[in-house]
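Colleague: I would like a close look at a single part of this model. Please set the scene first, then take me through the residues around it.

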Amino acid sequence: MKLVIKSIGRVRLKINLVLLFSGILFVSTLSFGQSADSKLFSGDEFKLKLNNRTSSSDTIKTDFKKSTTQKIKIGGLFLAPSIGVAFPAGEFKDYSVAGLILGVKAEIAYIKFYPFIFGFVYEYQTNSGIGEYVTTNSFTNYDTKITYIGGSLDIVLSKFIRTDFTTPIFSFELKYASVVNDVGFENSSENYSINNSLLIYSFGLGFTLYVFDLSGKYTFASPYSTLTFQGKFHFPLIKF
């Protein structure tokens, strides 16, 4: 009887040990699987982040290349009407007074041409005769009318001279001048016109404040030379 009881006890002990071992093995296997899944997920997540960083880096590099290689084009066509006073100089001042000069100038400015600005000039000037000259010669009037057509070259001096508020400009003009002298005599009701044409040139200095210019220039056009002071506004027509 005692042997039977001992055998039954040994069997129960073995069963308990097997169950205990199986439980430990199952828990270990489950823990290992979860750890492996966790490591696998972390690896995939790392690769995903790495890919995202790589693509972001490539995007930044591409944008940087685009920004560094992008060409900047600044320029345009401008229209500049002007008004001023033309003071006769040299021989011209002996028989004429200061007169009004009106004009318009088309300008082409482009960054590749800097500091040069090319232009086309049209101006119209009138000067009346000095009262004493008119009376002495028995004239009723002696008016000089000059039409200028030509080209201009402006040089922006801010490239060479530092300024804070204004832009100094040196200008050169080469123009064709059509001169008409209207003369009226006391004993005649008709006016007589004397026509003349000249190739003349001018040098000037001025400064720009935003869209407004103030300038002075001397025109070599003997016997119709003048010292002119003008104000000018700039209006953009085309930008490119």
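**A close look at one strand residue**

Modeller: Read from the N terminus, the elements of the protein chain run α-β-β-β-α-β-β-β-β-β-β. That makes two helices and nine strands. Bear in mind that this is a predicted model. Of the 240 residues of the protein chain, 29% count as buried. The accessible surface comes to about 16600 Å², and 66% of that belongs to carbon and sulfur atoms. Take the contacts with a separation of 6 or more: residues 24 or more positions apart account for 60% of them.

Now the close look. The part I pick is Asn127, in strand 3, which covers residues 116-128. Is Asn127 buried or exposed? Asn127 counts as buried because its relative accessibility is 1%, and the cut-off for buried is under 20%.

What does the side chain of Asn127 reach? One partner is the backbone oxygen of Val97, at 2.9 Å. Another is the side chain of Gln125: the two side chains make a polar contact at 2.7 Å. Next, the surroundings, leaving aside neighbours within four places in sequence. Asn127 is in contact with Ala86, Pro88 and Phe92, among others. The list also includes Ser96, Val97, Ala98 and Gly99. Tyr142, Asp143 and Thr144 are in contact with Asn127 too.

Tyr142 leads on to the core. The largest nonpolar core has 16 residues, and those that touch the most other members are Tyr142, Ile146, Tyr148, Ala177, Leu198, Ile200 and Tyr224. Strand 4 (139-156), strand 5 (167-185) and strand 6 are the elements that give two or more residues to this core. Strand 4 gives the most, with four residues. As general background, nonpolar side chains tend to be buried together in soluble globular proteins.

Leu198 shows one set of contacts from that core. Not counting residues up to four places away in sequence, Leu198 touches Lys175, Tyr176 and Ala177, and also Ala221, Ser222 and Tyr224.

For contrast, turn to Tyr192. Tyr192 sits in strand 6, residues 191-209. Tyr192 counts as partly exposed because its relative accessibility is 42%, and partly exposed lies between 20% and 50%. Beyond residues up to four places away in sequence, Tyr192 touches Asn181, Asp182, Val183 and Phe185. Tyr192 and Asp182 are 10 residues apart in sequence, with their C-alpha atoms 5.7 Å apart in space.

Back to the part you asked about: Asn127 is buried, and its side chain has Val97 and Gln125 as polar partners.

Methods
Residues numbered from 1 in each chain as written. Predicted model: local features only at pLDDT ≥ 70, side-chain atom pairs only at ≥ 80, totals over all residues. Heavy atoms only, no water. Buried < 20%, exposed > 50% of the residue type's maximum accessible area, 1.4 Å probe, protein only. Polar contact = N/O pair within 3.5 Å; in protein donor to acceptor, adjacent residues only side chain to side chain. Contact = heavy atoms within 4.5 Å. Core = buried A, V, L, I, M, F, W, Y, C linked by side-chain atoms within 4.5 Å. Areas by Shrake-Rupley, 256 points an atom, 1.4 Å probe, with all protein chains shown as cover.
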